[in-house]
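Notebook open, coffee poured. I'm going through the folds and the odd backbone spots in this one.

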Amino acid sequence: MAQFDDIELVERLFLKGYPFSKYSPRPGDPVANAVTPLRKPLDQCMIALVTTAGLSLPDQPPFDVTIKMGDSSFREFPAGISPQLLEMNQRSWSFDQAGILRERNLALPLDRLKEMQQRGEIGKVAPRHYSFMGSIVGPTKLMKESAPEVARRLRGDNVDVVFLTPV
Amino acid sequence: MCNQSVGLIQRAIEYAGITTVSISLLREITEKIRPPRALFVPFPLGYPLGEPGNPELQTNVMRAAFALLSRNDCPVLETFGN
């Protein structure tokens, strides 16, 4: 089980002092308090994946680990790729990257989702999936620009359900 | 920070009219960000679906997360295996 004590001291002290409560939902904030009920059974739903593992395809620019407040951009992947093609760029030193380097499905379970579609557990794998890089200390741009842009693209693909994974 | 970023992205997607569920590796952070639906998993950071090379566990985590999709008493934060 992951706990604060697993994290390196420097990062733990940073996290302890970081104002997470600043991003707790405020009453009346339509984005933070939004709830979209599931409209149909799972075996009829189109599902997309979003991760913050910092994954990119070899022909895409890697995430910029030098941006002080964090790179809030995203990378888009077509469903047809093999997840093992994806490269990982992370500046976080707080987690063990070995698992995902061994198997990208650990963070972006595209193969698992395809298997669930084949078994009829879900309706359809969405045509496009997304990765962000997680270490975003200043998330204003993420909240105002890149996350809503990914949401618009997912809507454009008529996605019913999104499954998100941190690292 | 990843758990915060996931929660913030999740909110934007749910607000756009798509039902969402996420994995949480750090309960303390997810409890503050309060995304609509999250499944806390007892795995180390960097292992959101459990283990590499263990597709059965990965699928079981996904099934447990997907089971939360029909919940609308948000924020929902359940623990894998309970």
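**Chain B and a few backbone oddities**

I started with contacts: of those in chain B between residues at least 6 apart in sequence, 49% join residues at least 24 apart. Contact here means C-beta atoms, placed from the backbone, within 7 Å.

Ground rules: this is a predicted model, where local features need pLDDT of at least 70, side-chain atom pairs count only at pLDDT 80 or more, and totals for chains, interfaces and linings use all residues. Residues are numbered from 1 along each chain as its sequence is written, with chains lettered from A and ligands numbered from 1 in the order in which they are written.

Next I looked up the elements of chain B, and found 3 helices and 3 strands (DSSP runs numbered from the N terminus: H or I of at least four residues, E of at least two). From the N terminus they run α-β-α-β-α-β.

I then checked burial: 62% of the 82 residues in chain B are buried. Buried is 20 or more other C-beta atoms within 10 Å of a residue's own, exposed is 12 or fewer, and partly exposed is in between, with C-beta atoms placed from the backbone.

Which peptide bond is cis? I found it joining B:C74 and B:P75, with omega about 0 degrees. B:P75 sits in the loop between α3 (55-66) and β3 (76-79) of chain B.

Last, positive phi outside glycine. B:R34 has about 50 degrees, in the loop between α2 (27-33) and β2 (37-40) of chain B; with 18 C-beta neighbours inside 10 Å, B:R34 counts as partly exposed. In chain A, phi of A:N158 is near 60 degrees, and A:N158 lies in the loop between α4 (140-156) and β7 (161-165). I noted A:N158 as exposed because it has 11 C-beta neighbours inside 10 Å.

Notes. Contact = placed C-beta atoms within 7 Å.
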